[in-house]
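Here's a walk through one chain, going from single residues out to helix pairs and cores. Have the viewer open as you read.

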Amino acid sequence: MKLYELLKEIEYDNKIKDCEISKVTCDNREVIPGAVFVCIKGLKFDGHTVVQQALDAGAAVVVCERDLGLENQILVPNTREAYAIMCGNFYGNPSHKMKLIGITGTNGKTTITYLIKHVLESAGKQVGLIGTIHNEIGDMDVPATHTTPDPAELHVLFSRMLQAGCEYVVMEVSSHALDQHRLAGCHFTAGVFTNLTQDHLDYHGTMENYYEAKKRLFTMCDTAVINIDDPYGIRLLNEIKCKTLTFSTESDSANFTSKNMTSSATGTRFALVGDSLIGRVNFCMPGKYSVSNALAAGVASLAAGISFDHMIIGLCSCTGVVGRTEVLDTHTDYTVIRDYAHTPDGLEKVIATVKEFAKGRVITLFGCAGNRDRTKRPKMAEIVSRLSDFVILTSDNPRDEDPLQIIEDAKPGLLEHKTPYEIFPDRYEAIEWALDFAKAGDVLLLCGKGHEDYQVLDFGTICFDEKEIVLRLLKEKQN
């Protein structure tokens with residue numbers, strides 16, 4: 001590809017001789033002869049400092065934000081944005097030939113992407129998915145490294161999806177990706193806003209910065225699908241210019257609402273009401289917040305061109321999402337559920353849901369992540385202690401932090417209530433103890449890991465699949 005084809009839709013200040021380009025990269029270690037090297041400044045590393053290494057490896061052009069005094073440099077206002085657009089141009093902008101649906105918010109993104117994919121597929125559409133658990137091209141799984149991939153990886157995925165015949169791509173859109181312009185050059189048929197609660201403040205610094213990052217999605221979409229049960233959703237509704245569709249489990253002022261909700265451990269029944277239409281939904285996931293996720297998926301599917309009847313059929317035929325309020329098949333007289341809840345709001349919602357149908361005690365096992373926002377640790381513990389009948393405080397992914405210090409950070413919230421608790425820094429030991437402790441009618445809720453099959457410790461990553469661990473421990477107990 002010629003250089004100036006690669007630079008289409010990018011603002012730049014100077015011109016150099018046109019040339020053939022072999023590759024686009026922001027990693028100096030991946031430069032090959034004829035490549036464009038894009039200098040990106042991150043939190044810990046600045047690509048402008050390794051330009052000579054890139055030139056030595058054969059870079060034909062350097063794209064930078066400041067004048068490096070090079071004959072073959074292109075100056076741009078924002079190299080992150082330029083890099084994303086160049087990656088799209090290099091692969092022929094495959095995303096422009098499909099309908100993109102993006103989901104952003106603190107909680108619910110993974111569940112909603114899977115629900116939308118299922119609804120679209122049940123209507124006969126070919127769908128790609130990009131998200132936290134993995135990426136999917138039709139029926140083929142592709143490993144995921146980030147919730148929203150690096151631009152080069154992202155456009156390779158788009159290209160593979162287009163070649164596989166995908167009409168739609170449903171993707172989780174993280175605040176990090178939006179802040180870092182990874183999606184520059186993409187356009188969305190629909191964008192979904194789920195909610196906004198405290199998370200990622202170690203990166204964004206303030207809730208206002210976090211909100212503004214999320215808001216960027218709605219400058220690049222045709223229709224915004226917004227949860228107006230969330231105060232940030234109401235704010236977003238009043239601040240964006242694109243077409244909007246709203247949903248709510250509480251307010252009749254929304255375009256789409258839920259009515260007559262009944263919940264059990266195996267799911268929820270409700271009526272989906274909107275636009276003079278009523279659909280009866282027998283949904284496979286329990287709780288009010290699961291209904292909110294179903295509404296988000298349903299309304300987004302409508303915005304993407306699916307009929308109301310096909311949308312209702314799709315929601316009713318869904319079988320659930322791995323690690324999201326997932327009831328494990330334990331054959332015990334108590335219930336074991338694993339869920340990905342790892343924020344204050346996520347914990348509050350899942351525990352409140354379980355309390356709706358639990359016949360005995362709600363026993364919640366949870367931990368707080370290392371190298372993440374420390375201020376939410378006592379808040380998480382307070383919520384778990386307030387809503388549960390018994391609490392087991394353990395580790396999540398401590399990373400290179402001391403697990404005991406993480407527990408100490410959380411403990412003040414635990415002590416705000418008189419709820420009995422136990423502390424086990426070792427998560428395996430905590431689960432083993434919890435399975436012995438649970439009685440008939442209890443619900444043991446394992447929070448934080450969800451779909452994850454690993455645990456990140458100070459010496460590295462170990463295999464840690466809670467579903468397998470629970471089933472193995474129970475089998476050992478029977479023998």
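## Starting at Glu121

Leaving out residues up to four places away in sequence, Glu121 touches Val127 and Gly138. Glu121 sits in helix H4, and since its relative accessibility is 30%, it counts as partly exposed. If you want a long ruler across the model, try Glu121 to Glu348: they are 227 residues apart along the chain, and their C-alpha atoms are separated by 32 Å. Keep in mind that this is a predicted model.

## Two nonpolar cores

Which residues touch the most other members of the largest nonpolar core? They are Ile101, Ile116, Leu120, Phe270 and Leu272, out of 38 residues in that core. Helix H10 (residues 288-303) is the biggest giver here, putting in seven residues. As general background, nonpolar side chains in soluble globular proteins tend to be buried together.

Leu272 is a good one to click on. Skipping its neighbours within four places in sequence, Leu272 is in contact with Phe256, Thr257, Leu277, Ile278, Gly279, Val281, Leu295, Phe308, Met311, Ile312 and Leu315. There's another core lying apart from the largest one; it has 32 residues, including Ile137, Cys166, Met171 and Leu236.

## Helix H13 and its partner H12

A quick sanity check on H13 (residues 376-387): with 12 residues at 1.5 Å each, the helix should span 16 Å, and its end C-alpha atoms are 17 Å apart, so the two agree. H13 is mostly covered, with nine of its 12 residues buried. Those buried residues are Lys376, Arg377, Met380, Ala381, Glu382, Ile383, Val384, Ser385 and Leu387, so charged names do turn up on the list along with nonpolar ones like Ile383. What do they pack against? The answer is helix H12 (344-357), strand S18 (362-368), strand S19 (390-395) and helix H14 (403-414).

The H12 contact has its own geometry. The axes of H12 and H13 are 9 Å apart, and the helices pack at an angle of about 10 degrees. That is why H12 and H13 count as roughly parallel to each other. On the H12 side, Pro344, Leu347, Glu348, Ile351 and Lys355 take part, and they meet Lys376, Lys379, Met380, Ile383, Val384, Arg386 and Leu387 in H13. Glu348, the far end of the long ruler from Glu121, is thus one of the H12 residues that meet H13.

## Around helix H3

Helices H3 (residues 79-90) and H5 (residues 151-163) make another pair: their axes come within 9 Å and cross at roughly 25 degrees. An angle under 35 degrees counts as roughly parallel, so that is the label for H3 and H5. The crossing is right-handed. In H3, Tyr83, Ala84, Cys87 and Gly88 meet Pro151, Ala152 and His155 in H5.

Thr79 is also part of H3. Is Thr79 buried or exposed? With 0% relative accessibility, it counts as buried. Beyond residues up to four places away in sequence, Thr79 touches Val38, Cys39, Ile40, Val63, Cys64 and Glu65.

His181, in the loop between H6 and strand S10 (188-193), comes into this neighbourhood too. Not counting residues up to four places away in sequence, His181 touches Asn78, Arg80, Glu81, Ala84 and Arg216. Its C-alpha is 8.9 Å from that of Pro151, with their positions 30 residues apart in sequence.

## Helix H8

In H8 (residues 207-215), the buried residues are Tyr210, Tyr211, Ala213, Lys214 and Lys215. They pack against strand S5 (99-104) and four helices that you can pick out in turn: H4 (109-122), H6 (175-179), H7 (201-204) and H9 (231-239).

## Two positive phi values

Most residues other than glycine have a negative phi. Two residues here go the other way. Asn93 has a phi near 50 degrees, and Ser276 has one of about 65 degrees.

Both are in loops, Asn93 between H3 and S5 and Ser276 between strand S14 (267-274) and strand S15 (277-283). Their surroundings contrast: Asn93 counts as buried at 17% relative accessibility, whereas Ser276 is exposed, with a relative accessible area of 83%.

Terms used. Residues are numbered from 1 along each chain as its sequence is written. This is a predicted model: local features need pLDDT of at least 70, side-chain atom pairs count only at pLDDT 80 or more; totals for chains, interfaces and linings use all residues. Side-chain values use heavy atoms; hydrogens and water are left out. A nonpolar core is a set of buried Ala, Val, Leu, Ile, Met, Phe, Trp, Tyr and Cys residues joined through side-chain atoms within 4.5 Å. Buried means under 20% relative accessible area, exposed over 50%, partly exposed in between (1.4 Å probe, protein chains only). Helices (H or I, at least four residues) and strands (E, at least two) are DSSP runs, numbered from the N terminus. Contact means heavy atoms within 4.5 Å. The expected span of a helix is 1.5 Å times one less than its number of residues. Axes are lines fitted to C-alpha atoms, for helices over the stretch in contact, and angles run from 0 to 180 degrees between N-to-C directions. Angles under 35 degrees count as roughly parallel, over 145 as roughly antiparallel, 65 to 115 as roughly perpendicular and the rest as oblique. A crossing is left-handed if the near helix is turned anticlockwise from the far one by less than a right angle, and right-handed if clockwise.
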